[in-house]
Amino acid sequence: MTIIEYPKLEDLGKLLARPTADFERFRRDVAPILAAVQTDGDAAVRFFSKKFDGFSTENPAVSAAEFDEAEKNIFPNLKAAIRQAYSNIRLFHERQREPEIVVETMPGVICRRRSVAIERVGLYVPGGSAPLFSTALMLGIPAQIAGCQEVVLCTPPDATGKIHPAILFAARLCGIEKVFKIGGAQAIAAMAFGTETVPKVWKIFGPGNPWVTAAKQLVSLDGTAIDLPAGPSEVAIIADDSANPIFVAADLLSQAEHGADSQVVLFSPDKNLILNVLGEIKNQLADLPRREIAEKSLAESRAVLVKNLDEAVHFSNFYAPEHLILQTCEPEKLAAKITNAGSVFLGHFTPESAGDYASGTNHTLPTAGFARAFAGVSLDSFLKKITFQEISAAGLDLLAPTVVEMARAEGLEAHARAILWRSKFISTQLLKSK
């Protein structure tokens with residue numbers, strides 16, 4: 001982890017550049033896969049599943065018996081943990097429901113907005129080096145609350161055709177019955193275009209490797225919506241002299257172990273803390289099972305010595321991290337100044353790991369600086385906001401002059417006449433009634 005001392009804001013973009021991937025290459029790789037699945041359906045899915053995952057089957061759908069077997073094979077402690085996480089995540093996302101908005105903007109002019117579930121959604125759950133059953137909860141729960149009519153989940157099996165039992169257990173908790181043993185770009189293509197086996201969906205959610213990300217980007221250009229721009233995981237930590245170096249190091253490593261292309265950043269006005277954290281990272285790395293992955297990530301990561309905490313916040317807002325941890329003596333004061341972050345963790349006892357699994361917030365978040373403009377996945381991600389309006393005759397009479405004036409100023413006479421014909425009818429009816 002490289003130490004950067006007192007950088008200027010104008011240099012920060014270069015100094016904190018994320019590890020880059022050749023996404024054009026990945027898009028070139030997956031484009032033929034998408035085209036083949038769109039044309040040949042299940043046959044193409046089987047071919048690419050065999051090629052990339054070492055397993056293919058005529059029927060990739062998970063059976064009810066496999067769901068039952070998975071539930072039997074989970075240790076009771078893990079089952080209880082998943083149920084607790086489900087409860088917390090569901091509670092937080094249920095509170096995100098919004099009532100229908102009804103506003104009378106003028107007498108007789110009623111405008112409404114109502115939330116409607118996206119009918120068909122596809123969820124992608126990675127299952128490679130780390131089977132992310134937590135992602136099944138993070139995506140499945142808001143889909144369940146929203147009331148999506150059809151939820152399809154794809155996840156890659158192992159070479160024997162097995163899916164990690166915790167993924168199936170989590171999916172069943174979320175009421176998901178259509179689970180398919182398909183991974184990679186071919187899974188994204190199957191959900192985007194539909195096959196003889198896999199239903200076509202309107203929107204695809206979920207993280208994945210660069211090929212999955214590239215596939216999502218490409219299908220989004222062909223009519224299938226996606227959740228948000230996603231890339232390698234990242235965390236930034238703002239810490240002062242009240243922070244525990246052991247905690248800070250542990251939080252940095254918890255993100256570094258995600259992947260060699262993950263990035264972790266520490267901002268602190270205390271050089272001694274930075275040095276102690278770097279020493280503690282070495283200590284904790286010694287017996288970390290994913291040590292090699294974390295070391296590669298740390299090689300591209302930075303510890304930034306800043307003048308004060310206000311500058312740390314300023315730099316963090318510029319960086320716009322996926323996760324931001326505030327390990328300071330007064331984290332609430334700093335939190336009020338945060339404008340760009342996917343999810344923020346306040347205080348010494350709020351590790352990012354809690355949000356990844358079970359505190360209740362969603363862990364599907366914008367990366368690579370997209371937190372400047374995007375929010376993470378929420379209940380709203382699975383809903384459409386439809387507006388309605390209803391205007392009475394009296395209301396139209398009040399509104400007509402405004403609409404006619406504006407329509408004619410834009411040169412759209414037919415718009416104006418759609419109002420005027422009605423106004424004429426209303427006037428005629430009023431004359432007849434007298």
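**Exercise 1. State what share of the contacts between residues at least 6 apart in sequence joins residues at least 24 apart, and place this in an outline of the whole protein.**

Solution. Counting as a contact any pair with heavy atoms within 4.5 Å, one finds that, among contacts between residues at least 6 apart in sequence, 75% join residues at least 24 apart. The model is a predicted one, in which local features need pLDDT of at least 70 and side-chain atom pairs count only at pLDDT 80 or more, while totals for chains, interfaces and linings use all residues. Residues are numbered from 1 along each chain as its sequence is written, and side-chain values use heavy atoms, with hydrogens and water left out.

Next come the elements: the protein holds 17 helices and 14 strands, where helices (H or I, at least four residues) and strands (E, at least two) are DSSP runs numbered from the N terminus. The C-alpha trace spans about 90 × 60 × 45 Å along its principal axes. Of the 434 residues, 46% are buried, a term that stands for under 20% relative accessible area, against over 50% for exposed and partly exposed in between (1.4 Å probe, protein chains only).

**Exercise 2. Describe the open sheet of six strands, from its strand order to the helix that packs on it.**

Solution. The order is β1-β11-β10-β9-β12-β13, with parallel pairing; two strands pair if DSSP finds at least two bridges between them. At the edges stand β1 (2-5) and β13 (343-346), each with a single partner strand, so one side of each is left without a neighbour in the sheet. From one strand to the next the twist averages 15°, with axes taken as lines fitted to C-alpha atoms, for helices over the stretch in contact, and angles running from 0 to 180 degrees between N-to-C directions.

At the β13 edge, four bridges join this strand to the parallel strand β12 (residues 323-327), and L326 stands opposite L346 in β13. Helix α13 (residues 309-319) packs on the sheet, where it touches β9 (234-239), β10 (263-268), β11 (302-305) and β12, and its direction makes about 170° with that of β9.

**Exercise 3. Work out the order and pairing of the open sheet of three strands, and find which helix packs on it.**

Solution. The strands lie in the order β2-β3-β14 and pair in the antiparallel sense. The edge strands, β2 (101-106) and β14 (383-391), each pair on one side only, and neighbouring strands are turned by 20° against each other on average, direction ignored. Between β2 and strand β3 (residues 109-117) there are five bridges, and V103 has C111 in β3 as its bridge partner. Helix α16 (residues 393-409) packs on this sheet and touches β2, β3 and β14, its direction making about 95° with that of β14.

**Exercise 4. Decide whether I167 is buried or exposed, and list its contacts beyond its neighbours within four places in sequence.**

Solution. I167 belongs to helix α7 (residues 165-173). With a relative accessible area of 1%, I167 is buried. Leaving aside neighbours within four places in sequence, I167 is in contact with V125, P126, P131, F133, A136 and T155. The C-alpha atoms of I167 and A70 are separated by 8.7 Å, although these residues are 97 apart along the chain.

**Exercise 5. Locate Y124 and decide whether this residue is buried or exposed.**

Solution. Y124 is found in strand β4 (residues 120-124), and its relative accessible area of 4% makes Y124 buried. The C-alpha atoms of Y124 and A299, 175 residues apart along the chain, are separated by 29 Å.
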